[in-house]
Amino acid sequence: MTPTSQRRVSIFGATGSIGQSTIDLIARDLAAYDVVALTGGHNVALLARDAIRLNADIAITAHEEHLPALRDRLSGSGIEAAAGEAAIEEAATRPADWVMSAIVGAAGLLPGLRALEARATLALANKESLVTAGPLIMATAKAHHARILPVDSEHSAVFQGLAGENLAAVERVIITASGGAFRDWPLEKLAHATLAQASAHPNWDMGQRITIDSASMFNKALEVIETKEYFGFRADQIEVVVHPQSLVHALVGFNDGALMAHLGAPDMRHAIGYALHWPDRRTLPVDRLDLAQIATLEFRAPDEQRYPALRLAREVMAAGGLCGAIFNAAKEEALDSFIAGRIGFMDMADVVEQVLTRLDADVTLMQGAMTLDNVRAADQMGRITAQQVIGSYPAV
Ligand SMILES: NC(=O)C1=CN([C@@H]2O[C@H](COP(=O)(O)OP(=O)(O)OC[C@H]3O[C@@H](n4cnc5c(N)ncnc54)[C@H](OP(=O)(O)O)[C@@H]3O)[C@@H](O)[C@H]2O)C=CC1
Ligand SMILES: CC(=O)[C@@H](O)[C@H](O)COP(=O)(O)O
Ligand SMILES: [Mn+2]
């Protein structure tokens with residue numbers, strides 16, 4: 001804590017969906033916070049606006065070419081401007097009490113690790129950190145006596161369901177999946193799904209990448225791995241159920257048969273606010289559920305033909321080691337190629353599966369020690385191999 005007892009906070013990925021929801025909460029009580037660093041990517045106008053509004057010490061864009069524009073917008077404010085991956089890494093080493101990790105993709109791993117090394121409490125929205133390097137990030141937190149608080153809605157829900165419970169009494173956890181944009185589409189239409197159709201989530205307002213991952217169920221595949229890595233459950237204890245309303249976020253099943261469900265409106269300010277104020281609970285600006293009006297909650301088993309990503313996640317967990325980094329990298333490349341119109345919607349899972357099959361035999365790569373260098377090498381190999389696979393596809 002600073003002498004004024006303000007909490008020092010940094011937000012990595014401040015210009016994104018999670019970053020903006022975090023800023024919304026912090027801006028409601030600005031006097032309580034000392035904002036250290038805000039980072040963004042292309043959206044320099046928003047980054048500069050919020051850095052000034054929150055009186056941050058430093059604003060950083062990931063892209064060097066945007067630095068002049070950022071400097072220009074911050075001129076006269078006294079706020080430092082910087083750019084590039086190294087500047088983001090440096091900002092993560094600055095003392096902070098609470099750090100939001102909300103950069104999208106594998107780029108979120110390094111600042112999260114550095115923030116933990118600096119003993120910050122890490123509010124972790126960037127699920128890719130746990131998928132690519134779960135054991136490394138958990139070991140880093142332990143070594144530096146730093147805390148990780150889950151922000152992903154399902155994981156926040158499990159975390160809340162486990163509060164005060166004996167972990168040995170947990171039989172299973174169930175995370176819910178909305179089913180995404182195409183849950184009710186005929187299977188044969190999925191190959192022709194467009195970018196615009198895949199980018200419309202039925203319940204949540206999120207960044208484009210996670211929204212498309214929801215439609216393909218890659219988001220849930222990442223989340224199953226995230227559950228294993230964060231809570232330490234066995235893969236066979238983690239279940240997924242399709243719940244089209246996204247009101248129940250997760251359930252924890254105990255050895256006495258009890259199933260504790262976490263419900264709430266589909267608004268990430270709940271999970272973010274919970275992580276911001278933990279271990280307290282504070283009043284949050286989220287809708288309250290009217291159960292009588294909702295009347296019915298629906299659940300169905302996921303169809304693995306429609307969602308091959310779930311089967312791939314099981315294979316990744318069985319392989320262990322650096323397989324998660326390869327899986328995530330291949331998924332990111334496939335997603336980029338779908339967004340660019342290079343491959344079709346169902347091709348994404350096919351690309352990832354082919355990458356896993358091709359690299360499965362590379363025992364040195366797959367079973368390398370869980371170091372940052374090895375994670376990065378596995379990530380690179382996953383991307384290169386994915387590009388080779390994508391190159392073999394006819395243009396759509
Ligand atoms: N949105 C949600 O409700 C949820 C999100 N999450 C997870 O949280 C993370 C953020 O998601 P979301 O907010 O939706 O994503 P957005 O795409 O909305 O925002 C991503 C943020 O990361 C920045 N960014 C993008 N690429 C890079 C890069 N290479 N280096 C540094 N910064 C970069 C973006 O900058 P800019 O936009 O300026 O280019 C932006 O600030 C993801 O890991 C996602 O899976 C988890 C649960 C729910
Ligand atoms: C809000 C959140 O946590 C997302 O990860 C959400 O889970 C996406 O919805 P799906 O259930 O469609 O993946
Ligand atoms: Mn989620």
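Reader: By class, how many nonpolar, polar and charged residues does the shell around ligand 2 have?
Author: This is a predicted model, and in it that shell has 4 nonpolar, 5 polar and 3 charged residues.

Reader: OK, which residues surround ligand 2?
Author: Going along the chain, you have Asp152, Ser153, Glu154, Ala177, Ser178, Gly180 and Trp204, then Ile210, Ser214, Asn219, Lys220 and Met268.

Reader: And which elements give two or more residues to that shell?
Author: Three helices do: α7 (153-162), α9 (208-216) and α10 (218-231).

Reader: Switching topic. Where does Gly232 lie?
Author: Gly232 sits in the loop that runs between α10 and β9 (238-242).

Reader: Is Gly232 buried or exposed, and why?
Author: Gly232 counts as exposed because 11 other C-beta atoms lie within 10 Å, and the cut-off for exposed is 12 or fewer.

Reader: How many Å apart are Gly232 and Ala87 in space?
Author: They are 33 Å apart, C-alpha to C-alpha, with a separation of 145 residues in sequence.

Reader: Now domains. Which residues does UniProt list for the DXP reductoisomerase C-terminal domain?
Author: The unreviewed UniProt entry puts that domain at residues 263-383. Over that span the chain is 60% helix and 1% strand, and the end C-alpha atoms are 37 Å apart.

Reader: What about the 1-deoxy-D-xylulose 5-phosphate reductoisomerase N-terminal domain, which residues is that?
Author: UniProt, again in an unreviewed entry, lists residues 9-134 for it.

Reader: And what are the helix and strand percentages for residues 9-134?
Author: Residues 9-134 come out at 44% helix and 22% strand. The end C-alpha atoms of that span lie 24 Å apart.

Notes: Residues numbered from 1 in each chain as written. Chains lettered and ligands numbered in written order. Predicted model: local features only at pLDDT ≥ 70, side-chain atom pairs only at ≥ 80, totals over all residues. UniProt positions renumbered as here; feature names shortened; annotations may be inferred. Helix = DSSP H or I, 4+ residues; strand = E, 2+ residues; numbered from the N terminus. Near = placed C-beta within 6 Å. Nonpolar A, V, L, I, M, F, W, Y, C, P; charged D, E, K, R; others polar. Buried ≥ 20, exposed ≤ 12 C-beta atoms within 10 Å, placed from the backbone.
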